[in-house]
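Hi everyone, and thanks for coming along. I'd like to walk you through a structure that is new to most of us, so please have a look at it on the screen.

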Amino acid sequence: MDLPRLRALWPQGRRARQRRALQTVLAAGSALALLLWWLLPSGGPGYPKAPVSFATGVANGVYEKYGMLLQSDLRTALPGVDVTLEHTEGSVDNIKRVASGRDDFTIAAADAVASYDGPGKSRLRAVARLYDDYMQLVVPRDSTVRSIRDLRHMTVGVGQADSGVSLITRRLFAAAGMDMNKDVTAEPVGIDQAPAMLLDGRLDAFFWSGGLPTAAVSAMATPVARIKLVQLGDLVAPLHAMGSDMAYYRQAVMPADAYPAAQDGKAVPTVAVANLLITTDRADDGLVQRLTRAVIDSRDTIGTVVHAAQLVDLRTAVFTDPLPLHVGAERYYRSVKP
């Protein structure tokens with residue numbers, strides 16, 4: 001080939017080499033992006049793969065059931081993280097465990113959170129407001145009890161010592177002008193024992209604070225078991241008069257279809273308090289952000305089993321008084337804000 005023709009072809013050869021080099025760079029970039037996509041967690045920020053513990057509550061309670069179902073969803077939301085569930089006595093116990101660092105996450109009633117004044121209080125943070133607990137006073141169908149005041153001199157299940165049930169039950173008695181330690185024989189039993197004790201005649205009544213319906217109460221609320229629910233709605237105003245900590249209780253109504261056979265088709269006035277999903281400022285921001293998303297996204301699936309979970313709502317989840325939101329939770333809510 002003569003020199004003039006070789007010179008004419010030179011720019012074309014150079015451009016071809018440049019194209020091949022560019023294609024090589026792009027291919028390498030695509031491979032790197034694919035590798036990063038495979039190695040890094042999807043659907044949100046990075047997070048540590050250390051085990052996480054979740055304090056729930058007593059056996060057969062709503063906290064326990066909710067925790068079990070959420071644990072399943074977290075396997076997808078937090079791949080590589082082993083989430084273990086811990087049985088506890090309830091809200092008061094749960095707060096102590098998380099504040100001390102013994103557990104990483106838990107559910108607790110807002111009144112118990114507001115009343116906590118122990119070590120680690122300043123480190124507590126909220127992930128979400130979940131659903132409301134309804135105070136339930138359960139008695140045999142043929143009982144003469146029509147209000148809490150009728151329980152005087154009776155044997156009553158008041159919840160385990162470190163439970164939210166025990167905390168609010170003591171306050172309800174006080175609002176009624178009674179002393180739980182003097183006016184009744186108080187048995188410190190929870191929803192795992194109280195139903196059987198009531199049916200066996202070892203209890204005249206028991207208190208329970210939980211989402212509606214609670215499976216253990218539903219199992220009793222049949223024509224065979226013959227129980228009924230006693231109204232507590234007349235105690236809301238006296239509760240509020242007892243101090244600022246009582247502001248977390250609100251007037252509520254258990255709908256007629258909560259426990260149909262135990263309510264004769266009638267709504268039952270009672271007291272309700274919000275539940276919060278809580279952690280501490282020690283929890284990793286990315287982990288909390290992804291966990292918050294899982295809580296909101298799992299509402300419908302969990303709600304088919306735990307009906308109270310149907311009330312978890314993005315619009316109300318941020319109202320976590322008395323606790324501030326964790327930074328990771330706040331990031332999630334900001335990311336989905338319209």
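I'll start with the cavity, then turn to rings, helices and a few backbone details.

A word on the ground rules. This is a predicted model, where local features need pLDDT of at least 70 and side-chain atom pairs count only at pLDDT 80 or more, while totals for chains, interfaces and linings use all residues. Residues are numbered from 1 along each chain as its sequence is written, and side-chain values use heavy atoms, with hydrogens and water left out.

So, the cavity. On a 1 Å grid over the protein atoms alone, a cavity is a set of points where a 1.4 Å probe fits but cannot get out, and lining residues have an atom within 4 Å of a point. Grid points are joined across faces, edges and corners, and a volume is the space filled by probe spheres set on the points. How many cavities of 30 Å³ or more does a search of the whole structure find? The search finds one, and its volume is about 210 Å³. Of the 25 residues that line this cavity, Tyr 63, Gly 90, Val 165, Trp 208 and Ser 209 are the closest to its centre.

Which elements build that lining? Helices (H or I, at least four residues) and strands (E, at least two) are DSSP runs, numbered from the N terminus. At least two lining residues come from each of α2 (62-77), α5 (164-175) and β7 (205-210). Strand β7 gives the most, with four residues. By type, the lining divides into 11 nonpolar, 11 polar and three charged residues. Here Ala, Val, Leu, Ile, Met, Phe, Trp, Tyr, Cys and Pro count as nonpolar, Asp, Glu, Lys and Arg as charged, and the others, Gly among them, as polar.

Next, the rings. Rings of Phe, Tyr and Trp (its six-membered ring) pair if their centres lie within 6.5 Å; planes under 30 degrees apart count as stacked, over 60 as edge-to-face and the rest as tilted. By this rule there are three aromatic pairs. In one of them, Phe 173 and Phe 207 have ring centres 5.7 Å apart and planes at 70°, so this pair is edge-to-face. It links distant parts of the chain, with Phe 173 in helix α5 and Phe 207 in strand β7, 34 residues apart. Both residues are worth checking for burial, where buried means under 20% relative accessible area, exposed over 50%, and partly exposed in between (1.4 Å probe, protein chains only). Phe 173 is buried, at 0% relative accessibility, and Phe 207 is buried too, at 2%.

Tyr 332 and Tyr 333 also form an edge-to-face pair, 5.5 Å centre to centre with 65° between the planes. Tyr 332 counts as buried at 7% relative accessibility, and Tyr 333 is buried at 8%.

One more ring to point out is Tyr 47. The charged end of Lys 49 sits over the ring of Tyr 47, 4.3 Å from its centre. For that label, NZ of Lys or CZ of Arg must be within 6 Å of the ring centre and within 35 degrees of the ring normal.

Now for two helices. The expected span of a helix is 1.5 Å times one less than its number of residues. Helix α2, which we met at the cavity, has 16 residues and reaches 22 Å from its first C-alpha to its last, close to the 22 Å expected. Its buried residues include Tyr 63, Tyr 66 and Leu 70. Helix α10 (residues 285-297) has 13 residues, and its end C-alpha atoms are 18 Å apart, in agreement with the expected 18 Å. Is α10 enclosed or open? It is largely enclosed by the rest of the structure, because 10 of its 13 residues are buried. Among them are Leu 287, Arg 290 and Ile 296.

Finally, the backbone. Which peptide bonds should we look at? Leu 212 and Pro 213 are joined by a cis peptide bond, with omega about -15°, and Pro 213 lies in the loop between β7 and α7 (215-220). The bond from Asp 321 to Pro 322 is cis as well, with omega near 15°; Pro 322 lies in the loop between α11 (299-303) and α12 (327-336).

Asn 60 has a positive phi, near 75°, though it is not a glycine. It is in the loop between β1 (52-55) and α2, and it is partly exposed at 45%.

Thanks for listening!

Note on methods: 1 Å grid on protein atoms, 1.4 Å probe; cavity = no way out; pocket = protein on both sides within 12 Å on 5 of 7 lines; lining within 4 Å.
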